[in-house]
Amino acid sequence: MRLASSICLAFLLGSGATAAGAKDTILEPENRPYTFTEDLKGAGKKDHAAGAYDVSGIACILRDSGKRRCLVVNDEGRKAQFLTIDERSIEPKKTIDLIGKAPAPKTRGTVFAGKQCPDKSPAKFKEFDGEGVAYAKPYFYVVGSHGCGRKKNTLNTSAMILARIRVDGQGKPDVEDEDEPEAAIETTYRLGEVLAGADRVGASFLESLSEANGLNIEGIAVVKDRLYAGLRAPSIDGEAFLVEADVDGLFADGHGAYQGKRRTIPIKVGKDAGIRDLTALDDGRLLVLTGPAQEQPKVAYKLFLFDPGKGGEPQLVGELDELDDAERGGKPEAVTVIGSNRVLILFDSLKNGGARAYKVPAKLMIEE
């Protein structure tokens with residue numbers, strides 16, 4: 001691993017340092033690993049394959065006991081899974097079906113029909129393709145990629161869904177019958193409509209991911225009544241983008257068109273960089289995980305602080321150190337806050353997300 005920079009991080013962040021001002025700051029993972037009491041459920045054909053290797057999103061709530069109740073999602077399959085984090089132990093819990101094998105008539109809105117993916121084969125309804133998870137009381141939110149297939153440029157309408165799960169104060173599905181947790185789920189297609197009409201990035205919706213810098217979501221955050229979709233691509237002139245929408249408008253009853261506001265928010269994170277995950281902080285700021293918008297090998301993974309209400313320059317928290325050789329193929333895909341100055345990061349391509357904690361030089365939580 002590289003040596004940490006000698007720059008005083010607290011001073012930089014406290015003085016409003018920008019991406020350029022703290023570019024040499026390296027964040028190294030803590031030495032003590034996390035232990036899983038059992039493997040997460042994979043998204044293979046049996047749906048219970050040992051270990052998940054495609055974890056792509058996480059969000060948590062802090063219980064009165066001091067433990068964190070979290071929801072994780074894979075970028076394959078139709079399920080999400082609850083888990084509990086306690087000190088250095090992660091205990092996987094039950095899974096929940098976000099969608100079924102066929103479209104649900106109760107899903108709000110309609111699939112965006114104004115454009116097709118480059119491969120104009122008939123659209124299919126397959127996996128959810130979950131890419132991001134957020135929590136805002138009383139819901140966990142889970143978002144599909146809202147992009148064409150990366151390899152085949154085909155349209156998967158089930159990836160165009162935004163879901164939310166109503167939970168109680170302990171983070172469990174808020175249902176009368178605990179054997180039917182899916183009763184707590186609401187789904188909507190309207191986020192695709194918002195993306196298609198968004199300034200600067202709307203033209204990239206349903207374009208090829210690999211050949212045309214096509215739009216796809218890799219993170220979400222919810223602050224009060226606002227939802228922020230973090231885009232991995234497009235990356236334009238050194239800027240990545242958030243698309244903001246009204247939560248109530250997205251989940252309004254019926255199949256009518258979206259009636260809320262929308263706003264495109266650029267974030268200056270560097271050439272060819274896109275958003276890989278988001279998490280909302282207590283004060284309304286966002287912690288933003290960035291990385292290559294496509295597969296650019298020289299684009300580092302970084303953490304930024306950004307206030308979507310104020311805009312302006314993001315504050316660079318630091319650049320994530322490269323993993324050791326045995327796990328260098330892991331890609332940072334999910335981040336959640338686990339303390340006033342600690343975050344947990346999960347990696348795509350590593351078993352169970354290869355959970356690692358990082359200390360950061362900024363106060364991320366108002367209180368614990």
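## Charges, bridges and unusual backbone spots

Glu180 has a relative accessibility of 48%, so Glu180 counts as partly exposed. That label fits because exposed starts over 50% and buried lies under 20%. Keep in mind as you look around that this is a predicted model. You'll find Glu180 in the loop between β9 (162-166) and β10 (185-188). Glu180 has company there: together with Glu176, Asp177, Glu178 and Asp179, Glu180 makes up a patch of negative charge on the surface.

Now for charges that pair up. Across the whole structure, a search turns up 22 salt bridges. One of them joins Arg226 to Asp246, with 1.6 Å between the closest N and O atoms. Arg226 sits in strand β12 and Asp246 in strand β13 (residues 239-246), so this pair ties together parts that are 20 residues apart in sequence. Both Arg226 and Asp246 are buried.

Strand β13 also supplies a partner for another bridge, this time from Glu244. Glu244 pairs with Arg263, and their closest N and O atoms are 2.9 Å apart. Arg263 belongs to strand β14 (residues 262-268), and the two residues, 19 apart, link distant parts of the chain. How accessible are the two ends? Glu244 is at 6% relative accessibility and therefore counts as buried, while Arg263, at 34%, counts as partly exposed.

Follow strand β14 to Lys268 and you meet a further link, to Glu313 in the loop between β17 (302-306) and β18 (315-320). The side chains of Lys268 and Glu313 come together in a salt bridge, at 3.9 Å from N to O. That distance qualifies because the cut-off is within 4 Å. The pair spans 45 residues and links distant parts of the chain. Lys268 has a relative accessible area of 46%, so Lys268 is partly exposed; Glu313 is at 43% and also counts as partly exposed. Elsewhere, Arg108, Arg164, Glu186 and Asp253 are joined into one network by salt bridges that share partners.

Asp348 makes a good contrast to these pairs. Asp348 is in strand β20 (residues 342-348), and is buried yet has no salt bridge. What is the nearest side chain of opposite charge? That would be Lys331, 5.4 Å away. Why doesn't that pair make the list? Because a salt bridge calls for a side-chain nitrogen of Lys or Arg within 4 Å of a carboxyl oxygen of Asp or Glu. Leaving out residues up to four places away in sequence, Asp348 touches Tyr53, Asp54 and Val55, along with Gly329, Gly330, Lys331 and Glu333.

Finally, have a look at the backbone. Two peptide bonds into proline are worth finding. The bond from Lys137 to Pro138 is cis, with omega near 5°, and Pro138 lies in the loop between β7 (130-136) and β8 (139-144). The bond from Ala233 to Pro234 is also cis, again with omega near 5°, and here the proline is found in strand β12 (residues 226-236), the strand that holds Arg226.

Positive phi values turn up too, in residues other than glycine. Asn153, in the loop between β8 and β9, has phi near 55°. At 12% relative accessibility, Asn153 counts as buried. Arg200 has phi near 70° and lies in the loop between α2 (190-196) and β11 (216-223). Its relative accessibility is 46%, so Arg200 counts as partly exposed.

Note on methods. Residues are numbered from 1 along each chain as its sequence is written. This is a predicted model: local features need pLDDT of at least 70, side-chain atom pairs count only at pLDDT 80 or more; totals for chains, interfaces and linings use all residues. Side-chain values use heavy atoms; hydrogens and water are left out. Helices (H or I, at least four residues) and strands (E, at least two) are DSSP runs, numbered from the N terminus. Buried means under 20% relative accessible area, exposed over 50%, partly exposed in between (1.4 Å probe, protein chains only). Lys and Arg count as positive and Asp and Glu as negative; His and the chain ends are not counted. Contact means heavy atoms within 4.5 Å. Patches are made of residues with over 30% relative accessible area and no salt bridge: like charges are joined within 9 Å, nonpolar side chains (Val, Leu, Ile, Met, Phe, Trp, Tyr) within 5 Å. Accessible areas come from the Shrake-Rupley method with a 1.4 Å probe; for residues, only the protein chains shown count as cover. The place of a charge is taken as NZ of Lys, CZ of Arg, CG of Asp or CD of Glu.
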